[in-house]
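User: I'd like to learn how to read a few features of a fold. Could you walk me through them?

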Amino acid sequence: MRGVIFDLDGTLADTSGDLIAAANACFRDLGLGDVLDPATDAGTALKGGRAMLRLGFSRTGTHGEDEVDRQYMPLINHYDRAINNHTFLYPGAIEAVRDLRGAGYKVAICTNKPEALALKLLTSLGVLDDFGAVLGADSLPVRKPDPEHLHETSRRAGADPARVLLVGDTDTDRNTARNAGVPSVLVTFGPGGGDMAALNPEGLIGSFEELPAEVTRLIG
């Protein structure tokens, strides 16, 4: 059984606004104010909480890696309390997911977001039931780019791990697919879109309207 596995942040949805808001809440708690800008720092936001904290502290010239570690859980807690104030699904994303399911593909999410947060966000967006499986950073002892994260997501969705492709938006997604021996399709419309071609994925899409043709081309 063939499958299409999606990354979440920056691929299916732009979550950067809420992630940056959570990081800025941490900075405000430390008396630093709103250090990050949602308009210019979205790319960093989609690299995760620690990346945002490091960027903020580099700008303020305060705190080091120990404070990054201390602020990580407060950031997660801020995000958990306000997970869907600014987040939006990319145009055509869920339509593409539903079309793929209708065509017989298994569809799932493999994300490095903590599983509980991924499930909460997908529920809030009203699309959780569109996916056959959702695995997060803490679902297994390993996570992307370890290929087992992708393999197990495929298995839980009912797909053959050798007959899937991964749709993503970062070098982590590209490397995960390469490590798993399957193709990747990277989106060019997210915050990191300008860098995607340099990663040499098997496919690139500028909108979700282009995804079905790439899926057919790459896994039949």
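**Reading the fold**

Analyst: Let's start with the sheet: six strands make an open sheet in the order E5-E4-E1-E6-E7-E8, with parallel pairing. Strand E5 (134-135) and E8 are at the edges with a single partner strand each, so one side of each has no neighbour in the sheet. This is a predicted model, where local features need pLDDT of at least 70 and side-chain atom pairs count only at pLDDT 80 or more, while totals for chains, interfaces and linings use all residues. Residues are numbered from 1 along each chain as its sequence is written, and side-chain values use heavy atoms, with hydrogens and water left out.

User: How do I read strand pairing, and how many bridges do E7 and E8 share?

Analyst: In general, strands of a sheet pair through backbone hydrogen bonds, either parallel or antiparallel. Strands here are DSSP runs (E, at least two residues), helices likewise (H or I, at least four), numbered from the N terminus, and two strands pair if DSSP finds at least two bridges between them. E7 and E8 pair in the parallel sense over three bridges, and Val 185 stands opposite Gly 203 in E8.

User: What about aromatic pairs?

Analyst: You describe a pair of rings by the distance of the centres and the angle of the planes. Rings of Phe, Tyr and Trp (its six-membered ring) pair if their centres lie within 6.5 Å; planes under 30 degrees apart are stacked, over 60 edge-to-face, the rest tilted. That rule gives five aromatic pairs. Take Phe 6 and Phe 208: their centres are 6.5 Å apart and their planes at 45°, so this pair is tilted. Phe 6 sits in strand E1 (residues 3-6) and Phe 208 in the loop between strand E8 (203-205) and helix H9 (211-219), 202 residues apart.

User: Are those two rings buried or exposed?

Analyst: Buried means under 20% relative accessible area, exposed over 50%, partly exposed in between (1.4 Å probe, protein chains only). Phe 6 is buried at 0%, and Phe 208 is buried at 3%. Phe 208 also pairs with Phe 189: centres 5.4 Å apart, planes at 50°, so tilted again. Phe 189 is partly exposed at 26%. Phe 6, Phe 88, Tyr 90, Phe 189 and Phe 208 form one aromatic cluster.

User: And a helix, say H3: which helices do its buried residues pack against?

Analyst: An α-helix has 3.6 residues a turn, so residues three or four places apart point the same way. The buried residues of H3 include Ala 51, Leu 53 and Phe 57. H3's buried residues pack against helix H1 (16-29), helix H2 (42-45) and helix H4 (65-81), with contact meaning heavy atoms within 4.5 Å.
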